[in-house]
Amino acid sequence: QVQLVESGGGLVQAGGSLRLFCSASGRIFSRNPVAWYRQAPEKQRELVARIYGGGTTDYADSVKGRFTISRHKVQNTVFLQMNSLKPEDTAVYYCNCAVGSALFWGQGTQVTVSS
């Protein structure tokens, strides 16, 4: 069974940076789309960034120019580099991977940006 694990979250001041990690138990990141979502309290979960099997990336307008999604195929790890963080970035961040018709999710990692 595929298992995803996120890490790297924490507390940071506005303007600071964090790097999130998503690791998979199976070698699925090289061929399948991988995405980062986030969910703030009392808000709907939203797509933040996605990287496709061929390397193409998509970003939410709110994070363009600040966040970067990348992939290390050998390590089977996907990263989310977050720079110039804002308080509105505060949320639980989730890693997602689509394998065929199946969707796999990690447990989430908390990111808190203080003013």
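This is a guided tour of a predicted model, with residues to select in turn and a note on what is there.

**Stop 1: strand β8**

Select residues 77-82, which make up strand β8. Of the 6 residues in this strand, 5 are buried, so β8 is largely enclosed by the rest of the structure.

Now add the strands that pair with β8. Residues 18-24 form strand β3, which runs antiparallel to β8 and is joined to it by 6 bridges. To see one place where they meet, select Ser-23 and Thr-77: Ser-23 stands opposite Thr-77 of β8. Strand β7 also pairs with β8 in the antiparallel sense, over 6 bridges. Here select Ile-69, whose bridge partner in β8 is Leu-80.

Next, look at the hairpin of β7 and β8, which has 4 residues between the strands. Asn-76 in this hairpin takes a positive phi near 55°.

**Stop 2: aromatic rings**

The structure holds 3 aromatic pairs. Select Phe-21 and Phe-79 to see an aromatic pair that is edge-to-face, with 5.5 Å from centre to centre and 75° between the planes. This pair links distant parts of the chain: Phe-21 belongs to strand β3 and Phe-79 to strand β8, 58 residues apart.

Is Phe-79 buried or exposed? Phe-79 is buried, because its relative accessible area is 8%, and the cut-off for buried is under 20%. Phe-21 has 30% relative accessibility and therefore counts as partly exposed.

Move on to Tyr-37, Tyr-94 and Trp-105, which form one aromatic cluster. Add Arg-45 to the selection. Its charged end sits over the ring of Tyr-94, 3.8 Å from the centre of that ring. The charged end of Arg-45 also sits over the ring of Trp-105, at 4.8 Å from the ring centre.

**Stop 3: cysteines**

A disulfide is a covalent bond between the sulfur atoms of two cysteines. The structure holds 1 disulfide. Select Cys-22 and Cys-95, which the disulfide joins with an S to S distance of 2.0 Å. The link is left-handed, with -85° about the S-S bond. Cys-22 lies in strand β3 and Cys-95 in strand β9, so the pair ties together parts that are 73 residues apart in sequence. Both Cys-22 and Cys-95 are buried.

Select Cys-97 as well. Why is the sulfur of Cys-97 too far from the closest cysteine sulfur for a bond? The closest cysteine sulfur is in Cys-95, 7.2 Å away, whereas a disulfide needs sulfur atoms within 2.5 Å. Cys-97 counts as buried because its relative accessibility is 0%.

**Stop 4: two loop residues**

Select Thr-90, in the loop between β8 and β9 (91-99). The Thr-90 side chain reaches the backbone nitrogen of Val-113 at 2.9 Å. Apart from neighbours within four places in sequence, Thr-90 is in contact with Ala-40, Gln-110, Val-111, Thr-112 and Val-113.

Finish at Asp-61, found in the loop between β6 (57-59) and β7 (67-72). Asp-61 counts as exposed because its relative accessibility is 64%. Which side chain makes a polar contact with the side chain of Asp-61? Add Lys-64 to see the partner: the two side chains make a polar contact at 3.1 Å. Then select Ala-49, which is 12 residues from Asp-61 in sequence and 9.7 Å from Asp-61 in space, C-alpha to C-alpha.

Definitions and conventions. Residues are numbered from 1 along each chain as its sequence is written. This is a predicted model: local features need pLDDT of at least 70, side-chain atom pairs count only at pLDDT 80 or more; totals for chains, interfaces and linings use all residues. Side-chain values use heavy atoms; hydrogens and water are left out. Buried means under 20% relative accessible area, exposed over 50%, partly exposed in between (1.4 Å probe, protein chains only). A polar contact is a pair of N or O atoms within 3.5 Å; within protein, one must be able to donate a hydrogen and the other to accept it, and residues adjacent in sequence count only if both atoms are side-chain atoms. Two strands pair if DSSP finds at least two bridges between them. Contact means heavy atoms within 4.5 Å. Rings of Phe, Tyr and Trp (its six-membered ring) pair if their centres lie within 6.5 Å; planes under 30 degrees apart count as stacked, over 60 as edge-to-face and the rest as tilted. A charge sits over a ring if NZ of Lys or CZ of Arg is within 6 Å of the ring centre and within 35 degrees of the ring normal.
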